[in-house]
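User: Could you take a close look at one part of this model, going residue by residue where that helps, and then follow the packing outwards from there?

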Amino acid sequence: MFETVIGLEVHVQLNTKTKIFCSCPTSFAQHQNTNTCPTCLALPGALPVLNIEAVKKAISFGYAVNATINQKSIFNRKSYFYPDSPKAYQISQFDVPIVEGGELIIDFDDGATKTIRITRAHLEADAGKNIHDGAISKVDLNRADTPLLEIVSEPDMRSADEAVRYLKKLHSIVRYLDISDANMQEGSFRCDVNVSIRPKGQKEFGTRVEIKNINSFRFVAAAIEYEVNRQVEAYEDGIYKDEVYQETRLWDVAKSVTKSMRGKEDSADYRYFPDPDLLPVILTDEMLEEGKKIPELPDQKVARYVSELGMKKVDALVLCSFKELAYYFEDMLKHDISVKNAVNWLNSELLGRLNKAGLDISSSPVTADKLATLIIKLESGAINGKGAKDILDVLIEKDEDIDALIESMGLAQVSDDGAILKIIDDILSANSGKVNEYRSGKDKLFGFFVGQVMKASRGSANPEKVNALLKERLA
């Protein structure tokens, strides 16, 4: 039996307006090599100037994960030679990063939790982008010097599931903090996965393999599972030392395999040294105090929803996983509706329809106020549950006035005793044989009568009234 050991290095693109060491914009999908200047092109004589907004965002993250913020940190040069790095080195942090330590708690479906330690989070400049077109490779340097916060975990994860839960929680936190849009499709949130195996009970780690630049939760899980199986098979076949060595591999999406890319360097190979063009970063007390002003984060929201609103933790975890969803829910509660109905209609009814339509909550055609108004109509007895669902189906397609829809769709719920009793009497008269069977002990026929009354009223009769009045008549 083997134990899997996983550590993650997550690269978060900070949402500053300009790059980390120059004033070029960080806007996505501009024409190739237009967001560039002598500094990010590494032309002779151009000097970097640190973007203070990137520093502030790093401080906020540090406080969010209970880390130590180093009042003095240093930028280093990390030497490597790739076509998308015009400097032939990367400006990063090594010995003294801006954020050290910290932790992140992941949640499991059974209510259990696990703390994943964070080693460090440091600022660095992104590289450009290689574009491969057949036998030709091109380089786009628009992304060069875009500010990154690299967040390095300890090797505390033991399965692909734990790794994905860690990534999703981290993704949620950086978006709550508004330090990144964390758009995985655009590469604003991507990770390197370090994977090794060891026989259960062995203290020493096995040989670590790095899988580079994965930008999907699903691909992270698949890459880990494939790599673990590859290493286990090599171990069992007696070729572990030949097949598994310290290297960087890539995830081939089309073939669902990891492929060898290059040997993995040790830190000494990068020849780190302090960047002579950049002074040490000295944080003022004012900057540290300002960095503490962070919004309510997912874990705090979950705890508040459970304690103050009496919500089930599993529901709270769903609502708080995305800040837009939590804010939508809180906007709903500004109306006088029950928490239970708000949770059910948001989590089950609305999200189910949005998923089917390929939409998320931020692009929902139904606003929080609109959904709350629909629930108010339901709770007041103006419409029943089926009618509310029918109206929601319409609202997904087009914005309409709810009162007008109730009228035009004939969904106004009938609660008048006289009207309902007339329908009941007609049903009982038409089914006298079944009435006798019911009265002789076949209680299950009660559901039949309820169904017939609801059918006759075309769903408009108040179900509670129908049940009560039917019992009276059948008695």
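Analyst: Serine 216 sits in the loop that links strand 13 (209–214) to helix 3 (217–236), where helices (H or I, at least four residues) and strands (E, at least two) are DSSP runs numbered from the N terminus. This is a predicted model, in which local features need pLDDT of at least 70 and side-chain atom pairs pLDDT 80 or more, while totals for chains, interfaces and linings use all residues. Residues are numbered from 1 along each chain as its sequence is written, and side-chain values use heavy atoms, without hydrogens or water.

Serine 216 is classed as buried because its relative accessibility is 15% (buried is under 20%, exposed over 50%, partly exposed in between; 1.4 Å probe, protein chains only). Its side chain also makes a polar contact, reaching the backbone nitrogen of arginine 218 at 3.2 Å (N or O atoms within 3.5 Å; within protein, one able to donate a hydrogen and the other to accept it, with sequence-adjacent residues counted only if both atoms are side-chain atoms).

Helix 3, which follows this loop, packs with helix 2 at an angle of about 155°, their axes being 9 Å apart (axes are fitted to C-alpha atoms over the stretch in contact, and angles run from 0 to 180 degrees between N-to-C directions). The two helices are therefore roughly antiparallel (under 35 degrees is roughly parallel, over 145 roughly antiparallel, 65 to 115 roughly perpendicular and the rest oblique). Helix 2 contributes Ala160, Ala163, Val164, Leu167, Lys168 and His171 to the contact, and helix 3 contributes Phe217, Val220, Ala221, Ile224 and Glu225, contact meaning heavy atoms within 4.5 Å. In composition, the residues of this contact between helix 2 and helix 3 comprise eight nonpolar, one polar and two charged (Ala, Val, Leu, Ile, Met, Phe, Trp, Tyr, Cys and Pro are nonpolar, Asp, Glu, Lys and Arg charged, and the others, Gly among them, polar).

Helix 2 (residues 160–176) has a further partner in helix 6 (residues 298–309), and the axes of this pair come within 9 Å and cross at roughly 95°. Helix 2 and helix 6 are therefore roughly perpendicular to each other. From helix 2, the residues that make this contact are Lys169, Ser172, Ile173 and Tyr176, and they meet Pro298, Asp299 and Lys301 of helix 6. Here the contact of helix 2 with helix 6 holds three nonpolar, one polar and three charged residues.

Between helix 2 and strand 12 runs a loop that contains alanine 182. Most residues other than glycine have a negative phi. Alanine 182, although not a glycine, has a positive phi of about 50°, and with a relative accessibility of 3% alanine 182 is counted as buried. Alanine 42 can be set beside it, since its phi is near 60°, again a positive value in a residue other than glycine. That residue belongs to the loop between strand 1 (2–13) and helix 1 (52–64), and because its relative accessible area is 31%, alanine 42 is partly exposed.

Strand 12 itself spans residues 189–199, and aspartate 192 is one of its residues. Aspartate 192 counts as buried because its relative accessibility is 0%. Apart from residues up to four places away in sequence, aspartate 192 touches Gly7, Leu8, Glu9, His11, Glu210, Ile211, Lys212 and Asn213. With lysine 212, aspartate 192 shares a side-chain to side-chain polar contact of 3.1 Å. Aspartate 133, by comparison, lies 59 residues from aspartate 192 along the chain, and the C-alpha atoms of these two aspartates are separated by 25 Å.

Further along strand 12 comes arginine 198, which is buried because its relative accessible area is 9%. When neighbours within four places in sequence are set aside, the contacts of arginine 198 are Met1, Phe2, Glu3, Val5, Arg158, Lys203, Glu204, Phe205 and Gly206.

For another helix pair in the model, one can turn to helix 15 (residues 445–456) and helix 16 (residues 463–474), whose axes come within 10 Å and cross at roughly 125°. Helix 15 and helix 16 are therefore oblique to each other. In helix 15, Phe446, Phe449, Val450, Val453 and Met454 meet Pro463, Val466, Asn467, Leu470, Lys471 and Leu474 of helix 16. Sorted by class, the residues of the contact of helix 15 with helix 16 are nine nonpolar, one polar and one charged.
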